[in-house]
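Colleague: I have a set of questions about this model. Please keep the answers brisk.

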Amino acid sequence: MAAAPPGRPRGALERDVLACLAAARRPLSPGEVRAELGDQLAYTTVMTTLSRLHAKGAISRQPAGRGYAYELPDGPGAAQSSMTAHRMLRLLDAGEDRAGVLSRFVADLRPEDEELLTNLLASADREATQGEDPDQA
Amino acid sequence: MIALGLVPFACSLLLALTATPLSRRLSPPVAAPLLTLTALATSLATGLVLSLAGFMVLARLPLVAALGGWPDDRLRAWTQLPAAVGVAAAGLAAVLLASALVYLARVGWDLTRAHRACRQLPRASDQLMITPEEHPTAFTLPVPLRGGAIVVSTGMLRLLPADERRALLAHESAHLRRYHTGYVLLASLAAAANPLLRPAARQVRLAVELWADQLAAREVGDGLVVARALARASLAASRPSQPGGFRLAVAESDVSARVHALTTLPPRFRPWAAASALGLAVASSAIAITLTFAVHSRIEFAQLVSARTVAARQHSASPERSVVRVAAHHHSTPLRDHFSLR
């Protein structure tokens, strides 16, 4: 089994694992992380990435069952990063980033954009439910 | 010569009119650098031409002429540029230069703030910073000396399913890997120094978004996943800013263009579109350079003539005078060409 799909550049897996742990509301086991990432990664690949992140101090772990469960570290660091984040987000406020230093992922929407996007998501969700369970659709 | 000086302005106007159709016909990795280059070249050219026009009028002032060592009456005879036009050009050049400097200062200030903010932020991984905010936000910012940072809020990460989360992160990291902010900032600088280039700068901004979307689609293997991530994130992010159904009209929106690009085939490479953008850049730079040399040689010739007059008046040694005469003769040949340009 390939360690990572050819499309994933270096460092992308660590990024995705971190994002996955940040999105979860509780500590995750390596198996859960692997299931969440969902692109046929080898268990050892996920395990290695988690250990590497833990060694860097980017994530914390606690014993769970026979192995460990991983989560983003909590505590004074988190509070400080919240303050810093607030300051950075102020950079984003209308009129503050006049120089255009930040590249935002989301853009301002017009009513017609909103309609387009809602339709896009609706059709995507319809396809997803049809793909999973044709009886329920 | 006055007609030649108008060429860079015509190029800026043409670029303003054609920026949108041009970028639509070029693939984003071509459009972003090409439009940035064209905007920069055109902006430099217009700035240079305005300064030259101002200089040619200012050089006629007796005080300036005395300082520079050229006879003002001769320059006056050579330039047909009306004094009012020259003064207006000089004023405009000063205003535009100031605008560009203000823009640069603003960029410097923002980058410094970004750097300071990032220094205090614990780093989750090499580039990713996760903030505990509930509001869905995600952005990339260049951080001097540290490459850059992707800042994503927990709210945004919880909003998206795993594959769309991956698409979002791939999009943001593409911005950093390909130095997208560099193109945006250079094009905006060009637009600050020449407001006619604003449409081009806007197209550069859109092109880097399309470019990052394209790379993200390649990484996750499906453009539709990127489009869904964009849709979900944009809808969620715009919701709280809607008091009672009223929304400020957004004049320009990239979302439709991005979704369209993600769900259709990329444009084929159109050599003529690339060539015409490049042509505008070359034409305006060539004219600006020609005019600079023309003005330079006129001033130099005027200086030589005045030196020769002084030398003749003082009855100085003959070898020195002959050197001056040879030099003056050498310069007079290209000058005759410049006169015919008027």
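Colleague: How many residues does the contact take from chain B and from chain A?
Modeller: This is a predicted model. Both chains supply residues to the contact. The counts are 64 residues from chain B and 51 residues from chain A.

Colleague: By class, what does the side of chain B that touches chain A have?
Modeller: The sorting is into nonpolar, polar and charged residues. Charged residues number 14 and polar residues 17 on that side of chain B. The nonpolar count there is 33.

Colleague: Which strand of chain B pairs with strand β3 of chain A?
Modeller: Strand β3 of chain A covers residues 103-104. The pairing is antiparallel, over 2 bridges. A:Arg104 has B:Phe139 as its bridge partner. The strand in chain B is β2, residues 138-141.

Colleague: What scores does the model have for ipTM and pTM?
Modeller: Two scores are given for the model. They are ipTM 0.85 and pTM 0.86.

Colleague: Within chain A, which residue is the bridge partner of A:Pro63?
Modeller: Strands β1 (residues 60-64) and β2 (residues 67-71) of chain A pair in the antiparallel sense over 5 bridges. The partner sits in β2(A). That residue is A:Tyr68.

Colleague: Which residue takes a positive phi in the hairpin of β1(A) and β2(A)?
Modeller: The hairpin has 2 residues between the strands. The phi in question is near 65 degrees. The residue is A:Gly65.

Colleague: How many residues of β1(A) are buried?
Modeller: Burial takes 20 or more other C-beta atoms within 10 Å. β1(A) has 5 residues and is hardly covered. The buried count is 0.

Colleague: How far apart do the C-alpha centres of the two domains of chain A lie?
Modeller: Chain A is divided into domain 1, residues 12-71, and domain 2, residues 106-137. The distance runs between the C-alpha centres of these domains. It is 30 Å.

Colleague: Why is α8(B) said to be largely enclosed by the rest of the structure?
Modeller: The helix has 16 residues. It reaches 22 Å from its first C-alpha to its last, close to the 22 Å expected. It counts as largely enclosed because of its buried residues, which number 13 of the 16.

Colleague: Which residue with a positive phi follows α8(B)?
Modeller: Most residues other than glycine have a negative phi. Here the value is positive, near 55 degrees, in a residue other than glycine. The loop in question lies between α8 (162-177) and α9 (180-193) of chain B. The residue is B:Tyr179.

Colleague: Does B:Tyr179 count as buried, exposed or partly exposed, and why?
Modeller: A residue is buried at 20 or more C-beta neighbours and exposed at 12 or fewer. B:Tyr179 has 14 inside 10 Å. The count therefore makes B:Tyr179 partly exposed.

Colleague: How far apart in space are B:Tyr179 and B:Pro142?
Modeller: In sequence they are 37 residues apart. The spatial distance is taken from C-alpha to C-alpha. It is 8.4 Å.

Colleague: What percentage of the residues of chain B count as buried?
Modeller: Chain B has 14 helices and 3 strands. The chain runs to 342 residues. The buried portion is 46%.

Colleague: Which element of chain B has the lowest mean pLDDT?
Modeller: Chain B averages a pLDDT of 83, with 85% of the residues scoring at least 70. The highest mean, 95, belongs to α9(B). The lowest is 47, for helix α14, residues 318-341.

Colleague: How many contacts does the stretch 321-342 of chain B have beyond near neighbours in sequence?
Modeller: The pLDDT is below 50 over these residues. The contacts in the model number 25.

Methods:
Residues numbered from 1 in each chain as written. Chains lettered and ligands numbered in written order. Predicted model: local features only at pLDDT ≥ 70, side-chain atom pairs only at ≥ 80, totals over all residues. Helix = DSSP H or I, 4+ residues; strand = E, 2+ residues; numbered from the N terminus. Domains from an automatic or database assignment. Contact = placed C-beta atoms within 7 Å. Nonpolar A, V, L, I, M, F, W, Y, C, P; charged D, E, K, R; others polar. Pairing = 2+ DSSP bridges. Expected span 1.5 Å × (residues − 1). pLDDT = per-residue confidence, 0-100.
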